[in-house]
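Thanks for coming. I have one structure to go through today, so let me put it on the screen.

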Amino acid sequence: MSNKQLATRDGYGAALASLGEKYDFYVLDADLSKTTKTDAFKDKFPERFFSSGISESNMMGMAAGMASCGNPVFATTFAMFAAGRAFEQVRNSIAYTNLNVKVVGTHGGILIGEDGASHQCIEDIALMRAVPNMAVLCPSDYMQSIACVEEALKHNGPVYMRFGRNVSPVIYEKSEFEIGKGYVLRDGKDLTIIAMGDMVFEALEAAKLLEKENISAAVIDMPSIKPIDQELILEYAKKTGLIITSEDHNIMGGLGSAVCEVLAEKHPVPVIRTGVMDVFGRSGKKDELAKFYGLNAESIKEASLKAFRR
């Protein structure tokens, strides 16, 4: 693990600028290019970049029309607007017609900080996961974000990608990503923590804390929420018998729900979901919010201890 700290949205922007030389695609943004990091692509390939202005629903319609002419399109804005405000256009114009549009939501989750509840999207994974034809991805660090963008580009069909606002530790030494696959970052025998996005690093730290309590915790990074890696979930459910999920998202409909669906049908074991407990966010510093909402290593450790001892 590197000592570097970079935001996953930075990986998204870097990937677009790099891949623009290799693939022929378009990028749309809703007047947020500096914040969503699409400005690097805009500077490098201005003829393939279009701003819709503050008009996210129209942007999704534009993306659908452009993709219908043959080229992949990235439609980028904050997660709250991509999954929330433009939901109908994403559903009907992009997913229903199975067009090659990559819907990108940056600033996902409560840990974006001071923007507050109106911008802290905690429902986007649930919304996009319920849309037919839509793949749903949430990389855990800068390096994985770069690989995620290329995999989404090579995937023929609609994809929703979620990226964070604030910097987080770089977990991977090299860029790797495969749609439908999870990654075992730490093996264990007593319980398994399955996490997504920024919570993957916190899960790794929680596993270190649990080790001091003589509990061996496996940690799985699950960046592909739909399709999800059922085989890996089942393998570790059988191996450890206890699953803890962790996400900066409402525990309703997100990663925890996706894991529970797999296990309820194929191999029931106890599952404890940690994340946003069906409440709205509030404005604050990232670390303060992480502590308040239980989105940190200590909270994962406590939930794991309670479940294991029970």
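I will start with the overall fold, then go through the aromatic pairs, one helix and a few backbone details.

Keep in mind that this is a predicted model. The protein has 13 helices and 14 strands. Its radius of gyration is 19 Å, close to the 19 Å that the globule rule gives for 310 residues, so the protein is as compact as a globular protein of that length. The C-alpha trace spans about 60 × 40 × 35 Å along the principal axes.

On burial and contacts: 58% of the 310 residues count as buried. If you take the contacts with a separation of 6 or more, 79% of them are between residues 24 or more positions apart. The accessible surface is about 12500 Å², and carbon and sulfur atoms hold 49% of that. For charges, there are 34 positive and 40 negative side chains, and the centres of the two sets lie 2 Å apart.

Now the aromatic rings. How many aromatic pairs are there? The count comes to 9. One of them is Tyr12 with Phe74, at 6.3 Å centre to centre and 55 degrees between the planes, which puts the pair in the tilted class. This pair links distant parts of the chain: Tyr12 sits in helix 1, residues 8-19, and Phe74 in strand 4, residues 73-78, with the two positions 62 residues apart in sequence. Tyr12 and Phe74 are buried. Another pair is Phe78 with Phe81, and that one is stacked, with 6.0 Å between centres and 15 degrees between planes. Phe78 and Phe81 are buried too. Ring pairs also join Tyr12, Phe25, Phe41, Phe45, Phe74 and Phe163 into a cluster.

Next, helix 10, which covers residues 230-240. Which of its residues are buried? They are Leu232, Ile233, Leu234, Tyr236, Ala237 and Thr240. The cover over these buried residues includes strand 9 (183-186), strand 10 (191-195), strand 11 (217-221), strand 13 (243-250) and helix 11 (255-266). Just after helix 10 comes Gly241, with a positive phi of about 75 degrees. On the other side, the loop between strand 12 (224-226) and helix 10 contains Pro227. The peptide bond from Lys226 to Pro227 is cis, with omega near -5 degrees.

Two residues other than glycine also have positive phi, and I would like them on the record. Asp31, in the loop between strand 2 (26-29) and helix 2 (33-36), has a phi of about 65 degrees. His107 has a phi near 60 degrees and lies in the loop between strand 5 and helix 7. Is His107 buried or exposed? The cut-off for buried is under 20% relative accessible area, and His107 has 2%, so it is buried.

The loop between strand 5 (101-106) and helix 7 (124-129) also holds Gly116. With a relative accessibility of 6%, Gly116 counts as buried. What does Gly116 touch, leaving out residues up to four places away in sequence? The answer is Arg282 and Ser283. The C-alpha atoms of Gly116 and Gly284 are separated by 7.4 Å, although these residues are 168 residues apart along the chain.

That is what I have, and I can take questions now.

How values were computed. Residues numbered from 1 in each chain as written. Predicted model: local features only at pLDDT ≥ 70, side-chain atom pairs only at ≥ 80, totals over all residues. Heavy atoms only, no water. Helix = DSSP H or I, 4+ residues; strand = E, 2+ residues; numbered from the N terminus. Rg over C-alpha atoms; globule rule 2.2 N^0.38 Å. Buried < 20%, exposed > 50% of the residue type's maximum accessible area, 1.4 Å probe, protein only. Contact = heavy atoms within 4.5 Å. Areas by Shrake-Rupley, 256 points an atom, 1.4 Å probe, with all protein chains shown as cover. Lys, Arg positive; Asp, Glu negative; His and termini not counted. Charge placed at Lys NZ, Arg CZ, Asp CG, Glu CD. Phe/Tyr/Trp six-rings, centres within 6.5 Å; stacked < 30°, edge-to-face > 60°.
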